[in-house]
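Hi everyone, thanks for making time. I'd like to walk you through a structure that's new to most of us, so let's bring it up on the screen.

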Amino acid sequence: MESGRRSLAKTLVCRLCTTISKAVFAEFLATGLYVFFGVGSALRWPLALPSMLQVAITFNLATAVIVQITWKASGAHVNPAVTLAFLVGSQISLPRAVAYVAAQLAGATAGAALLYGVTPGDIRDTFGVNVVRSSVSTGQAVAVELVLTLQLVLCVFASTDSRQTTGSPAATIGASVAVGHLIGIYFTGCSMNPARSFGSAVIVGKFAVHWIFWVGPLTGAVLASLIYNFILFPDTKTLAQRLAILTGTAEVQEVEGVEPQKEESQSSSEDTEMENVCQVA
């Protein structure tokens, strides 16, 4: 009996680890693709300087594509600010959130490195590093990044909330990213995503005012999570449930809940087969 319980526990843990590993890889892949295509659209080619509309559309389409690809695998956060918002809203565990952010930063760095490697030397220049316009103060830059990320995270919550919609969030979130770029490019080059800023900064080693692209988006994400989950559409989670989600025990319970259903369905199918045999006899 004891060995059976240990075997079941080991199976559940392995299944949980497999699920998390797939989700973490999805975040790595999605963030890498996002940075490669997004930053690539902002490179300054001498004969074809990118327009604001071109950059906004590229980020829009890249977001829609990667959300469609990885939504069912990881939730398609692709952004430490989004992950933090889900953590504050008790929709993701702390261990999973840490793993997601690490994967996002690694993916952004890999995507930026790949883009840097295939880009001619005379085109790299600032390599899409987010910078603050000279006439914009640091306080204004933080405020702009806060508001841009606020609307993005609110859109992510609204488009992925099963209580609000059943369709794919890809197009909606992509539109939200485009809206942010249409105004944010003039102020800060538009980050809304610390991983996006981190990838380019690491490759070229430019971290001037880099803190703005963490403080602004993360603050906006927390505010958006509080507004959506506690004011606009509050849920009914108890404190015990929130703690279980935060520590990750809820994920284990969810996996454990799958096993009895399988056993029950298997036993019911066996009973049905036995009844059929009896009827034939």
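Start at alanine 76, which lies in the loop between α2 and α3 (80-88). A quick word on the labels: helices are DSSP runs of H or I with at least four residues, strands are E runs of at least two, and both are numbered from the N terminus. Before I go on, this is a predicted model, where local features need pLDDT of at least 70, side-chain atom pairs count only at pLDDT 80 or more, and totals for chains, interfaces and linings use all residues. Residues are numbered from 1 along each chain as its sequence is written, and side-chain values use heavy atoms, with hydrogens and water left out.

So what is the phi of alanine 76? About 50°, a positive value, although this residue is not a glycine. As background, most residues other than glycine have a negative phi. Alanine 76 also counts as buried, at 8% relative accessibility. Buried here means under 20% relative accessible area, exposed means over 50%, and partly exposed is in between, with a 1.4 Å probe and protein chains only.

Methionine 192 also has a positive phi, near 60°, and is not a glycine either. You'll find methionine 192 in the loop between α7 and α8 (194-204), and it is buried, with a relative accessible area of 1%.

Okay, zooming out. The chain has 11 helices and zero strands. Of its 281 residues, 40% are buried.

What does UniProt list for this one under "transmembrane region"? The entry, which is unreviewed, gives residues 12-37, 43-67, 97-118, 138-158, 170-188 and 208-233. Those positions are in the numbering used here, feature names are shortened, and annotations may be inferred rather than shown by experiment. Over residues 97-118, the model is 100% helix and 0% strand, with the end C-alpha atoms 32 Å apart. Residues 170-188 are likewise 100% helix and 0% strand, and there the end C-alpha atoms are 25 Å apart.

Now, empty space. Rolling a probe the size of a water molecule over the atoms shows where such space is left. On a 1 Å grid over the protein atoms alone, a cavity is a set of points where a 1.4 Å probe fits but cannot get out, while a pocket is an open set with protein on both sides within 12 Å along at least five of seven lines; lining residues have an atom within 4 Å of a point. Points are joined across faces, edges and corners, and the volume is the space filled by probe spheres set on them.

How many cavities of 30 Å³ or more are there? One, and it holds about 190 Å³ of space. Its lining has 20 residues, and Thr63, His77, Val78, Asn79 and Ile173 lie nearest the centre. The elements giving two or more residues to that lining are α2, α6 (138-160) and α7, with the largest share, four residues, from α2. By type, the cavity lining has 13 nonpolar residues, seven polar and no charged. For that split, Ala, Val, Leu, Ile, Met, Phe, Trp, Tyr, Cys and Pro are nonpolar, Asp, Glu, Lys and Arg are charged, and the others, Gly among them, are polar.

The second largest pocket holds about 470 Å³. It is lined by 27 residues, with Ala42, Arg44, Val129, Ile185 and Gly189 nearest its centre. Here α7 gives the largest share of the lining, five residues. The pocket lining divides into 14 nonpolar, eight polar and five charged residues.

Last topic, the aromatics. Rings of Phe, Tyr and Trp (its six-membered ring) pair if their centres lie within 6.5 Å; planes under 30 degrees apart are stacked, over 60 edge-to-face, and the rest tilted. There are seven pairs by that rule. One of them is tyrosine 116 with phenylalanine 127, edge-to-face, 5.2 Å centre to centre and 80° between the planes. Tyrosine 116 is partly exposed at 29%, whereas phenylalanine 127 is buried at 0%.

Another is phenylalanine 157 with tyrosine 228, stacked, at 5.4 Å and 10°. That pair joins helix α6 to helix α9 (residues 212-232), 71 residues apart. Phe157 and Tyr228 also belong to one aromatic cluster with Phe86 and Phe233.

That's my tour, so over to you for questions.
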